[in-house]
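Trainee: I would like a close look at a single part of this model, taken slowly and with its surroundings included.

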Amino acid sequence: MFRSRAKEEKAPLAAKATVTDSKQTRDPQAPKGRPTPKRNEAQSQRRSVANTSLTRKDAAKRQREERRAQLERQRQALAGGDERYLPARDKGPVRKFARDWIDSRFNMAEFFLPMAVVILVLSIVPVGSLQNIALLLWLVVIVLIVLDSILSGFRLRKALTERFPTDNRKGVIAYALMRSLQMRRLRLPKPQVKRGERP
C-alpha cells in the first residue's frame, strides 16, 4: 500500500521533469543530428574565422601597398605640381610663390655644379698659370654665389611680405635658397613658370 502510493506520487514528478527537459533550447553551435566537433577541428575553425579579418602579415602588406601608392602620387605631384599630393615641406601658397619666384630668374648658385667641374679640370692640368686661374675662379664663384643669395633673400622677403602679410613665412627663405642651388631641370617640384615670367 505504501509502495503503490509512493510510485503514484513519483510518476507525475517524473513526467514533469521530462517535460521541462524537452523545452530547454539546444546550443546553436551544436545543432541536432550533428556530432560535436573535436577540439582541434573547433580550434581550426575559430582560427579561420579570426584570420578572415586581417593577419599581421596581411596588414603589413596592405600598409606597404598604401605607402607605395602614396609615394607614387607624391612623385607625380612633384613632376606635375599638383598641390593635393605634394609633401608637407612643399605645400601651401607661400612656398609655391617662393618656388615660382626662384624659377622665374637666373641664379648664380644653379651654375655652381658646371663651374665646379670646369674649375676642377683646370686645377688638375699640370700648368702653374692654369692652376692659379682655377683658384681665382673658385674664389670669384663663391663670392658671386654668396652675394646673389643674400640679394635674392632680401628681395624674396620683401615680395613675400607684400603678397602674404598675415601668413606664416617661417623657413620659406631658406627653402627658396636651397632650391636656387639646384640646376633648373633637376628641381622638384618641377618649375611651373618660365624664366622672366612674373610669379
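At what angle do helix 6 and helix 7 pack, and how far apart are their axes?

Mentor: This is a predicted model, and that should be kept in mind through everything that follows. In it, the axes of helix 6 and helix 7 lie 10 Å apart, and the two helices pack at an angle of about 135°. Angles over 145 degrees would count as roughly antiparallel, and helix 6 and helix 7 are therefore oblique to each other. Their crossing is right-handed. On the side of helix 6, the residues that take part are S149, S152, G153, L156, R157 and L160, and they meet V172, I173, A176 and L177 in helix 7. Sorted by class, this contact of helix 6 with helix 7 holds 6 nonpolar, 3 polar and 1 charged residues.

Helix 7 itself spans residues 172-180, and within it V172, I173, Y175, A176, R179 and S180 are buried. These residues cover an arc of only 160° around the axis, so they sit on the same side of helix 7. What they pack against is helix 6 together with helix 4, which runs over 93-103.

That second partner deserves the same treatment. The axes of helix 4 and helix 7 come within 9 Å and cross at roughly 35°, and helix 4 passes helix 7 in a right-handed crossing. The contact is formed by V94, R95, A98, R99, I102 and D103 of helix 4, with V172, Y175, A176, R179 and S180 supplied by helix 7. By class, the residues in this contact of helix 4 with helix 7 divide into 6 nonpolar, 1 polar and 4 charged. V172 and A176 appear in the contact with helix 4, and V172 and A176 also appear in the contact with helix 6.

Helix 6, residues 128-163, has a further packing partner in helix 5, residues 112-124, where the angle is about 160° and the axes are 8 Å apart. Helix 5 and helix 6 are therefore roughly antiparallel to each other, and helix 5 passes helix 6 in a left-handed crossing. From helix 5 the contact draws on F112, M115, A116, I119, L122 and S123, and from helix 6 on L130, Q131, A134, L137, W138, V141 and I145. This contact of helix 5 with helix 6 has 11 nonpolar and 2 polar residues, and no charged ones.

Following the chain beyond helix 7, one reaches the segment in which P189 lies, and the peptide bond from L188 to P189 is cis, with omega near -10°. K190 also has its place in the segment after helix 7, and K190 counts as partly exposed because its relative accessibility is 33%. Leaving aside its neighbours within four places in sequence, K190 is in contact with L78, A79, R179 and R185; of these, R179 is one of the buried residues of helix 7. From C-alpha to C-alpha, K190 and R99 are 9.3 Å apart in space, although 91 residues separate them in sequence, and R99 is one of the helix 4 residues that take part in the contact with helix 7.

As for the wider setting, the secondary structure of the protein chain comes to 7 helices and 0 strands. Of its 199 residues, 22% count as buried. Among contacts in the protein chain between residues at least 6 apart in sequence, 64% join residues at least 24 apart.

How values were computed: Residues are numbered from 1 along each chain as its sequence is written. This is a predicted model: local features need pLDDT of at least 70, side-chain atom pairs count only at pLDDT 80 or more; totals for chains, interfaces and linings use all residues. Side-chain values use heavy atoms; hydrogens and water are left out. Axes are lines fitted to C-alpha atoms, for helices over the stretch in contact, and angles run from 0 to 180 degrees between N-to-C directions. Angles under 35 degrees count as roughly parallel, over 145 as roughly antiparallel, 65 to 115 as roughly perpendicular and the rest as oblique. A crossing is left-handed if the near helix is turned anticlockwise from the far one by less than a right angle, and right-handed if clockwise. Contact means heavy atoms within 4.5 Å. Ala, Val, Leu, Ile, Met, Phe, Trp, Tyr, Cys and Pro count as nonpolar, Asp, Glu, Lys and Arg as charged, and the others, Gly among them, as polar. Buried means under 20% relative accessible area, exposed over 50%, partly exposed in between (1.4 Å probe, protein chains only). The arc is that of the directions from the helix axis to the C-beta atoms.
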